[in-house]
Every structure is written in C-alpha cells, then in structure tokens.
Amino acid sequence: MVQSTMTECKQNRHANAAPHDGANEADAALKALGGGAPRTPSAEDEAYPIVIRADGTWTYHGSPIGRLPLVKLFSTVLRRDQAGDYWLITPAERGRISVEDVPFVAVGLGVQGEGPNQSLTFTTNLEASVTAGPDHPIRVVTDPATGEPRPYIRVKGPPETPLEARINRAIFYDLVERAEPGEAGDIGVWSQGIFFSLGRVD
C-alpha cells in the first residue's frame with residue numbers, strides 16, 4: 001500500500017508495494033489537514049527527503065528514483081495545499097516534499113482537428129494524458145529573470161491548488177508553429193473550443 005511505501009522511504013529502504021490509487025482516501029485526509037486554522041508542521045511531517053526537480057525527476061536523498069512504477073505510485077497521493085506546498089498523503093501518513101517548479105513535465109503532444117475544433121492532448125513524463133480544455137487549461141508565464149515564456153497545463157487538482165505539468169520547449173515551439181492570431185494582439189492555440197493565449201506579438 002502507499003502508506004507502507006512512504007513508511008519504508010522514511011526508513012531509507014526501497015519499497016516493493018503494489019500500485020494503489022488511494023485518491024479518495026487521500027482527498028479525505030487532505031480535507032482533514034486543511035480544516036480550521038493552519039497547523040504548524042511536525043517533525044514527522046517534514047521527514048520526506050523527496051524532491052521533484054524542475055526537469056520532472058523525482059529524487060530521494062538526492063538520488064533519482066529510477067523505478068517509474070514507484071514514482072507513479074507516489075504521484076497518485078500527491079496533493080497541494082492552499083499555501084502552495086506539496087504533500088504525499090495517505091489516510092495514515094502525510095509528508096511534505098519539495099517541488100522545484102511543478103510536479104510534471106509534458107513531453108508528448110497529439111493533435112486532432114484544426115481551428116476551434118482542434119484538440120491538443122499532452123503526455124506527461126509519468127505517462128498520463130490530458131487534453132487541453134476547460135478542466136486542463138494552458139497558461140504561460142514570463143520568467144522575470146530571463147524574459148522567456150514558461151508554459152504549463154493543469155494535469156489534475158482543483159483550480160485553487162492545481163498539479164501542473166510544464167510544457168517542454170520542443171512542444172511549446174510546436175504550439176507556436178500552430179498558433180493563430182488572437183483578438184488582443186496575441187497568438188494562441190485552440191483546444192476543445194477554447195483559445196489559449198501563448199503570448200503577445202510585438
């Protein structure tokens with residue numbers, strides 16, 4: 001089970017647990033965590049030396065977790081709180097982890113149709129597929145240090161606390177190639193009847 005795997009990680013052992021979704025139980029635990037005033041994290045809460053790097057690599061004590069099924073297992077109980085912190089949550093345990101940017105990276109793109117009837121389906125580094133649309137919006141922010149665009153798509157989670165994937169550079173360039181002029185002097189792409197702006201054209 002997920003909680004057994006998390007316990008074993010705390011004990012610095014590799015887990016052999018079978019995959020388990022745990023989504024409903026984790027949602028209940030997250031509601032309990034978020035009830036009332038913010039709670040000061042305990043030492044136990046901080047005991048997860050897991051970091052998700054900006055390139056999407058999950059690490060444990062600084063070393064990449066090489067088993068994709070294990071990373072997928074952890075991702076099923078990954079949640080984000082109102083403060084923007086990321087947690088692995090099961091009914092019995094919870095642990096705060098560090099995320100350098102966002103938890104996932106979009107590494108594949110499938111396109112069907114064109115114009116307003118177009119659908120853009122992204123595949124993440126954990127082999128999840130999401131189609132841009134009302135529940136999976138694309139957003140682009142500008143890096144204040146470099147001025148470069150940083151595109152993201154919501155993979156899951158509510159709008160207030162989304163779990164997103166950063167769209168990698170090659171796919172973003174592909175989107176720009178497919179972009180159409182918008183009404184506000186910008187360019188963007190259509191997916192499921194929604195126009196997603198990619199930026200302004202000077």
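Is Thr 161 buried or exposed? At 8% relative accessibility, Thr 161 counts as buried, where buried means under 20% relative accessible area, exposed over 50%, and partly exposed in between, with a 1.4 Å probe and protein chains only. Before going further, note that this is a predicted model, in which local features need pLDDT of at least 70, side-chain atom pairs count only at pLDDT 80 or more, and totals for chains, interfaces and linings use all residues. Residues are numbered from 1 along each chain as its sequence is written, and side-chain values use heavy atoms, with hydrogens and water left out.

**The whole chain**

Begin with the full view, where the chain holds four helices and 15 strands; helices (H or I, at least four residues) and strands (E, at least two) are DSSP runs, numbered from the N terminus. Of the 202 residues of the chain, 38% count as buried. The accessible surface comes to about 10800 Å², of which 50% belongs to carbon and sulfur atoms, the areas being taken from the Shrake-Rupley method with a 1.4 Å probe and with only the protein chains shown counting as cover for residues.

**The open sheet**

Next, select the six strands that form an open sheet of mixed pairing, in the order E9-E8-E7-E12-E11-E10; two strands pair if DSSP finds at least two bridges between them. At the edges are strand E9 (129-131) and strand E10 (138-142), each of which pairs on one side only. From one strand to the next, the twist averages 40°, with axes being lines fitted to C-alpha atoms, for helices over the stretch in contact, and angles running from 0 to 180 degrees between N-to-C directions.

Now add helix H4 (residues 169-178), which packs on the sheet, touching strand E7 (104-112), E8, E10, E11 and E12, and whose direction makes about 35° with that of E7; contact means heavy atoms within 4.5 Å.

Within the sheet, strand E11 (residues 149-156) and strand E12 (residues 163-167) pair in the antiparallel sense over four bridges, and Tyr 152 has Arg 166 in E12 as its bridge partner. Thr 161, met at the start, is found in the loop between E11 and E12. Leaving aside its neighbours within four places in sequence, Thr 161 is in contact with Arg 80, Asp 81 and Gln 82.

Then move to Thr 124 in strand E8 (residues 119-124), which is buried with a relative accessible area of 4%. Show its surroundings: not counting residues up to four places away in sequence, Thr 124 touches Phe 104, Val 105, Ala 106, Val 107, Val 155 and Ala 165.

**The aromatic pairs**

Finally, a search of the whole structure finds two aromatic pairs. Rings of Phe, Tyr and Trp (its six-membered ring) pair if their centres lie within 6.5 Å, and planes under 30 degrees apart count as stacked, over 60 as edge-to-face and the rest as tilted. Select Trp 58 and Phe 74, a stacked pair at 6.4 Å centre to centre with 5° between the planes. Trp 58 lies in strand E2 (residues 58-60) and Phe 74 in helix H3 (residues 68-75), so the pair ties together parts that are 16 residues apart in sequence. Trp 58 is buried at 2% relative accessibility, and Phe 74 is buried at 1%.

The last stop is Trp 190 with Phe 195, whose ring centres are 5.4 Å apart and whose planes stand at 65°, so the pair is edge-to-face. Here Trp 190 is partly exposed at 22% relative accessibility, and Phe 195 is partly exposed at 25%.
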